[in-house]
Amino acid sequence: MTKAMFTRFIFIAVLSSLLWGCSSAPIKYQNAGEQNLTINLRLDKRGGIFTKIKVVSGVNDLDSNCEPHYKGMVELTPGKNEIGLKPGVLTFIQVDVAHNGTGINSVTNRGTMLKPESGKNYQIDISYIDNMYDFTLYEVLGTQRKQLKLMPLSNCRKE
């Protein structure tokens, strides 16, 4: 097992325990200044009263060696969620959807690297409908949005 696979396995195991009621509370992300990232969550919960869906966003700053430094987690609710990221700092944002229901227990995630520029705003639109996940990143320019390419952590270049 490679270091990256092991790190991902540990992250998912820790996340799963946090999402489903581990006794220790997750580290809550402390917003860094102005809220320059909006995460819009559209969630369709089907499956009845026994279905539970929990959505969280993990925030990691990346150093020059692409090593993540965990900054905390934000529990997302349907609708608009505001987060403040440090401008000029390469950040990896991962959104995890944990679905626990009759016959379905899964954690699905998507993420992207982003280096927010001072004075700019960003938006992530997330849809989780019928067990299908969509994750789109935009730079917000006034009333218009420009779609940005998602940058997986595997694209990080060591300096």
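This short talk walks through the strands, the nonpolar cores and the salt bridges of one protein structure. Please keep in mind throughout that we are looking at a predicted model.

Let me begin with the sheet. Five strands form an open sheet, and if you follow them across you meet them in the order β4-β1-β7-β8-β9, with a pairing that is mixed. At the edges sit β4, residues 79-83, and β9, residues 144-148, each of which pairs on one side only. From one strand to the next, the twist averages 30°. As general background for those of you who are new to this, strands of a sheet pair through backbone hydrogen bonds, and they can do so in a parallel or an antiparallel way. Here β1 and β4 take the antiparallel sense, and their pairing runs over 5 bridges. Within that pair of strands, L37 stands opposite I83 in β4.

Please hold on to L37, since the next topic brings us back to that residue. Which residues touch the most other members of the largest nonpolar core? That core has 23 residues, and the ones with the most contacts to other members are L37, L85, I124 and I126. Several strands give two or more residues to this core, namely β1 (37-43), β2 (52-62), β3 (68-76), β5 (91-101), β7 (121-129) and β8 (132-141). The largest share comes from β7, which supplies 4 residues. Leaving aside residues up to four places away in sequence, L37 touches N81, E82, I83, L85, I93, Y122, Q123 and I124, so you will find both I83, the residue opposite L37 in β4, and the core members L85 and I124 in its surroundings. Apart from this core lies another one, of 5 residues, which includes L62, C66, F92 and C156. In general terms, nonpolar side chains in soluble globular proteins tend to be buried together.Now let us turn to β2, and ask how many of the 11 residues of β2 are buried. The count is 10, and β2 is therefore largely enclosed by the rest of the structure. This strand has partners that we can name. With β5, β2 pairs in the antiparallel sense over 10 bridges, and along this pairing N60 stands opposite F92 in β5. With β3, β2 is joined by 8 bridges, and these two strands also run antiparallel. On that side, V56 has E75 of β3 as its bridge partner, while V59 has G72 of β3. The strands β2 and β3 form a hairpin with 5 residues between them, and in the turn C66 has a positive phi of about 65°. You may recall C66 as one of the residues of the core of 5 residues.

The last topic is charge. Side chains of opposite charge can pair when their charged atoms come close. In this structure there are 5 salt bridges, and I will go through some of them.

One salt bridge joins the side chains of D61 and K86, at 3.9 Å from N to O. This pair links distant parts of the chain, with D61 in strand β2 and K86 in the loop between β4 and β5, 25 residues apart. Is D61 buried or exposed? D61 counts as buried, because its relative accessibility is 11% and the cut-off for buried is under 20%. K86, by contrast, is partly exposed, with a relative accessible area of 39%.

Which residues are linked in a network of salt bridges? They are E117, K120 and E139. Between K120 and E117, the closest N and O atoms are 3.3 Å apart, and between E139 and K120 they are 3.6 Å apart. E139 lies in strand β8 and K120 in the loop between β6 (104-114) and β7, so this pair ties together parts that are 19 residues apart in sequence. As for accessibility, E139 is buried, with a relative accessible area of 10%, whereas K120 is partly exposed at 26%, and E117 is partly exposed at 43%.

Methods: Residues numbered from 1 in each chain as written. Predicted model: local features only at pLDDT ≥ 70, side-chain atom pairs only at ≥ 80, totals over all residues. Heavy atoms only, no water. Core = buried A, V, L, I, M, F, W, Y, C linked by side-chain atoms within 4.5 Å. Buried < 20%, exposed > 50% of the residue type's maximum accessible area, 1.4 Å probe, protein only. Contact = heavy atoms within 4.5 Å. Pairing = 2+ DSSP bridges. Axes fitted to C-alpha atoms, helices over the stretch in contact; angles between N-to-C directions. Salt bridge = Lys/Arg side-chain N within 4 Å of Asp/Glu carboxyl O.
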